Amino acid sequence: MSLHRPADPDLLTHTFVAMEQVAADPSDVYFGVLLRCGGVAPSLGELRAQVSSRVGLVPALTHRLTAEVDWEPDPQFDIENHVRMLTAGPVEVAPIRE
């Protein structure tokens, strides 16, 4: 996966820093997307490959903030931890640490 480096600290960077400062736990600062497909759904592997081929274009998704308010590639980033299939039904949002 080719990763692009995020721009110098910008509004998005400072927004993440501000959210971390007011969150009870920095791991509470997360977001996600529910994807609904029409027709025949791709397999989980196919979907991960599609997302993986593009996620490097959005550096804030593959990088982490350093103490110096700069972005660095997140060595822990693994597409399998981020693209998952949920069972049908309502989605309950919970902090990532849970």
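In which strand does His63 lie? His63 belongs to strand E1, which spans residues 63–65. The model on display is a predicted one, and the tour below proceeds from the whole chain to its helices and then to single residues.

**Whole chain**

Select the protein chain and colour it by secondary structure. Three helices and two strands appear, and their order from the N terminus is α-α-β-β-α. Switch next to a surface representation. The accessible surface amounts to about 7600 Å², and carbon and sulfur atoms hold 56% of that area. Of the 98 residues in the chain, 17% are buried. A contact map is a useful companion view at this stage: among contacts with a separation of 6 or more, 68% link residues 24 or more positions apart.

**Strand E1 and His63**

Return to His63 and show its side chain. His63 has a relative accessibility of 8%, so it counts as buried, the limit being under 20%. Add Thr62 to the selection. The side chains of Thr62 and His63 are joined by a polar contact of 3.0 Å.

**Helix H1**

Select residues 11–22, which form helix H1. H1 contains 12 residues and extends 17 Å from first to last C-alpha, close to the 16 Å expected at 1.5 Å a residue. Within H1, display Thr13, Phe16 and Val17, the buried residues of this helix. They cover an arc of only 100° around the axis and therefore sit on the same side of H1. Rotate the view to the face turned away from that buried side, where the exposed residues Leu11 and Val22 are found.

What do the buried residues of H1 pack against? Their partners are E1 and strand E2, the latter covering residues 71–73.

Three residues of H1 merit individual selection.

- Leu12, in helix H1, has a relative accessible area of 42% and is thus partly exposed. Draw a distance from its C-alpha to that of Ala60: the two atoms are separated by 8.5 Å, although the residues are 48 apart along the chain.
- Phe16, also placed in helix H1, is buried at 13% relative accessibility. Its C-alpha lies 8.4 Å from that of Leu65, a residue 49 positions away in sequence.
- Val17 touches Leu65 and Val69, once neighbours within four places in sequence are set aside.

**The nonpolar core**

Select Phe16, Val17, Ala60, Leu65 and Trp71 together and show them as spheres. These five residues constitute the largest nonpolar core. In soluble globular proteins, nonpolar side chains tend to be buried together. Two members of this core, Phe16 and Val17, are among the buried residues of H1.

**The loop between H1 and H2**

Move along the chain to Leu35, which is placed in the loop between H1 and H2. Is Leu35 buried or exposed? Leu35 is exposed, with a relative accessible area of 56%. Now add Met85 to the selection. Leu35 and Met85 are 50 residues apart in sequence, and their C-alpha atoms are 9.5 Å apart in space.

**Helix H2**

Select residues 44–55, helix H2. This helix has 12 residues and reaches 16 Å from its first C-alpha to its last, close to the 16 Å expected at 1.5 Å a residue. Display Arg48, Ser52 and Val55, which are buried. Look down the axis of H2: these buried residues fall within an arc of 70°, so they line one face of the helix. Bring helix H3, residues 79–82, into view as well, since the buried residues of H2 pack against it.

**Arg48**

The tour closes on Arg48 in helix H2. Its relative accessible area is 18%, and Arg48 is therefore buried, given that the term applies under 20%. Which residues are in contact with Arg48, leaving aside its neighbours within four places in sequence? They are Ile79, Glu80 and Val83. As a last distance, join the C-alpha atoms of Arg48 and His82: the two residues are 34 apart in sequence and 8.8 Å apart in space.

Conventions
Residues are numbered from 1 along each chain as its sequence is written. This is a predicted model: local features need pLDDT of at least 70, side-chain atom pairs count only at pLDDT 80 or more; totals for chains, interfaces and linings use all residues. Side-chain values use heavy atoms; hydrogens and water are left out. Helices (H or I, at least four residues) and strands (E, at least two) are DSSP runs, numbered from the N terminus. The expected span of a helix is 1.5 Å times one less than its number of residues. Buried means under 20% relative accessible area, exposed over 50%, partly exposed in between (1.4 Å probe, protein chains only). The arc is that of the directions from the helix axis to the C-beta atoms. Contact means heavy atoms within 4.5 Å. Accessible areas come from the Shrake-Rupley method with a 1.4 Å probe; for residues, only the protein chains shown count as cover. A nonpolar core is a set of buried Ala, Val, Leu, Ile, Met, Phe, Trp, Tyr and Cys residues joined through side-chain atoms within 4.5 Å. A polar contact is a pair of N or O atoms within 3.5 Å; within protein, one must be able to donate a hydrogen and the other to accept it, and residues adjacent in sequence count only if both atoms are side-chain atoms.
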